[in-house]
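Welcome, and thanks for taking a look at this structure. Please keep the sequence and the 3D view open side by side as you read.

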Amino acid sequence: MSLKKLKFSKINPAGNITLLYDMKNIDSDDIQKISKISMGDLNLYAEQVGFINDTHLQMMGGEFCGNACRSFAAYLAFNDINFKNKKDYKITCSGENSKLNVEVRVSEIDNIFLSRIKMPKSISTETIDLKLSKEKILKISEIIFEGIVHFIVESSVDNEIINKIREYSNKRKYSAFGVMFFDYNKMHMVPYVEVQGFDGVWENSCGSGTTAVGYYLKKYKNIDFAKIIQPGGWLEVSHENNEVFIDGPVEIVAEGISYINL
């Protein structure tokens, strides 16, 4: 067992607590081990972990994450001596081939930013029939992105639904999936996400899940803009000129050195 001293930043994008590590001193084979240790309640605690190298963000399971991208851009602004009121940052992220543009704006508090990203386009948006127990069939929406698949369920939280979606996703070999329990009347969403190799997480907010809800609202409700309330805060999703954006606050919580035994 060896002790690793790793530079980290802890960031809060609408409650979806994210750790960012400097990738320079980390072996790629150790990414999952470091992530699992760091996320624990007795360590730094987070819902997800990303690893940064220049302008590239590598997520812990190779997935794509909108909130982590917004966090990364806010981190770049926080450490950018040339940043003033607003700036666009071009980054790349695992699970997505194209470059991403993230607009970062100041707020009234020095360590809190507003971060807006043009999200990757969905590959497809379809309604599927999910077979539950007692021959009950639930119609849900499946929104497929390059790095993650989200399911929009207009239902209260239900573990049976998650189990059935897990079975469905495993058969299709999805590397990451999310279940967004969505209350249309209240514009409220409870996100659940599973990434291959990690336990499922009830997230306080989910950027790509919010984007999926945006596609759902556009296709089935003819709505172009919505403020989606989530357990840890809010995110706005909007359709503009055939593109989808999410926007919301990002707080830089802490920076320092993490000590991890591998």
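Here is a short tour, grouped by topic, with residues to find in the view.

Please bear in mind that this is a predicted model. A search of the whole structure turns up nine salt bridges, and the count of aromatic pairs comes to nine. The points below pick out examples of these, along with a surface patch, a polar contact, some distances and two backbone angles.

**Salt bridges**

- Side chains of opposite charge can pair when their charged atoms come close.
- D80 and K87 are one such pair, with their side chains meeting in a salt bridge at 2.6 Å from N to O. D80 is buried because its relative accessible area is 16%, under the 20% cut-off. K87 counts as partly exposed, since its relative accessibility is 30% and that value falls between the cut-offs of 20% and 50%.
- E103 and R105 also meet through their side chains, in a salt bridge of 3.0 Å from N to O. E103 is buried, with a relative accessible area of 18%, and R105 is buried too, with a value of 19%.
- K218 and D224 form another salt bridge, at 2.5 Å from N to O. Here K218 is partly exposed at 34% relative accessible area, and D224 is partly exposed at 36%.
- Salt bridges with shared partners also link E103, R105 and D247 into one network.

**Aromatic rings and the charges over them**

- F78, F83 and F113 come together as one aromatic cluster.
- R116 lies over the face of F245, at 4.0 Å from the ring centre.
- K221 lies over the face of Y184, at 4.5 Å from the ring centre.

**A nonpolar patch on the surface**

- Three residues, L3, I257 and Y259, make a nonpolar surface patch of about 320 Å².
- To find L3, look in strand 1, which covers residues 3-12.
- Is L3 buried, exposed or partly exposed? L3 counts as partly exposed, because its relative accessibility is 47% and the partly exposed class lies between 20% and 50%.

**A buried polar side chain**

- Q230 belongs to strand 14, which covers residues 225-230.
- Q230 is buried, with a relative accessible area of 3%.
- Which side chain does Q230 join in a polar contact? The partner is T210, and the contact between the two side chains is 2.8 Å.

**Distances along the chain and through space**

- G232 sits in the loop between strand 14 and strand 15, the latter covering residues 233-240. G232 is partly exposed, with a relative accessible area of 34%.
- How many Å separate the C-alpha atoms of G232 and N16? The separation is 7.0 Å, while along the chain these two residues are 216 residues apart.
- N111 is in the loop between strand 6 (96-106) and strand 7 (112-119). At 22% relative accessibility, N111 counts as partly exposed.
- N111 and I223 are 112 residues apart along the chain, and their C-alpha atoms are separated by 33 Å.

**Backbone angles to look at**

- Most residues other than glycine have a negative phi, and most peptide bonds are trans.
- D54 has a positive phi of about 60°, although D54 is not a glycine. You will find D54 in the loop between strand 3 (48-53) and strand 4 (56-59).
- D54 is exposed because its relative accessible area is 66%, over the 50% cut-off.
- M187 is not a glycine either, and its phi is positive, at about 50°. The place to look for M187 is the loop between strand 11 (176-183) and strand 12 (188-195).
- Is M187 buried or exposed? M187 counts as buried, because its relative accessibility is 17% and buried means under 20%.

Definitions and conventions
Residues are numbered from 1 along each chain as its sequence is written. This is a predicted model: local features need pLDDT of at least 70, side-chain atom pairs count only at pLDDT 80 or more; totals for chains, interfaces and linings use all residues. Side-chain values use heavy atoms; hydrogens and water are left out. Patches are made of residues with over 30% relative accessible area and no salt bridge: like charges are joined within 9 Å, nonpolar side chains (Val, Leu, Ile, Met, Phe, Trp, Tyr) within 5 Å. Accessible areas come from the Shrake-Rupley method with a 1.4 Å probe; for residues, only the protein chains shown count as cover. A salt bridge is a side-chain nitrogen of Lys or Arg within 4 Å of a carboxyl oxygen of Asp or Glu. Helices (H or I, at least four residues) and strands (E, at least two) are DSSP runs, numbered from the N terminus. Buried means under 20% relative accessible area, exposed over 50%, partly exposed in between (1.4 Å probe, protein chains only). Rings of Phe, Tyr and Trp (its six-membered ring) pair if their centres lie within 6.5 Å; planes under 30 degrees apart count as stacked, over 60 as edge-to-face and the rest as tilted. A charge sits over a ring if NZ of Lys or CZ of Arg is within 6 Å of the ring centre and within 35 degrees of the ring normal. A polar contact is a pair of N or O atoms within 3.5 Å; within protein, one must be able to donate a hydrogen and the other to accept it, and residues adjacent in sequence count only if both atoms are side-chain atoms.
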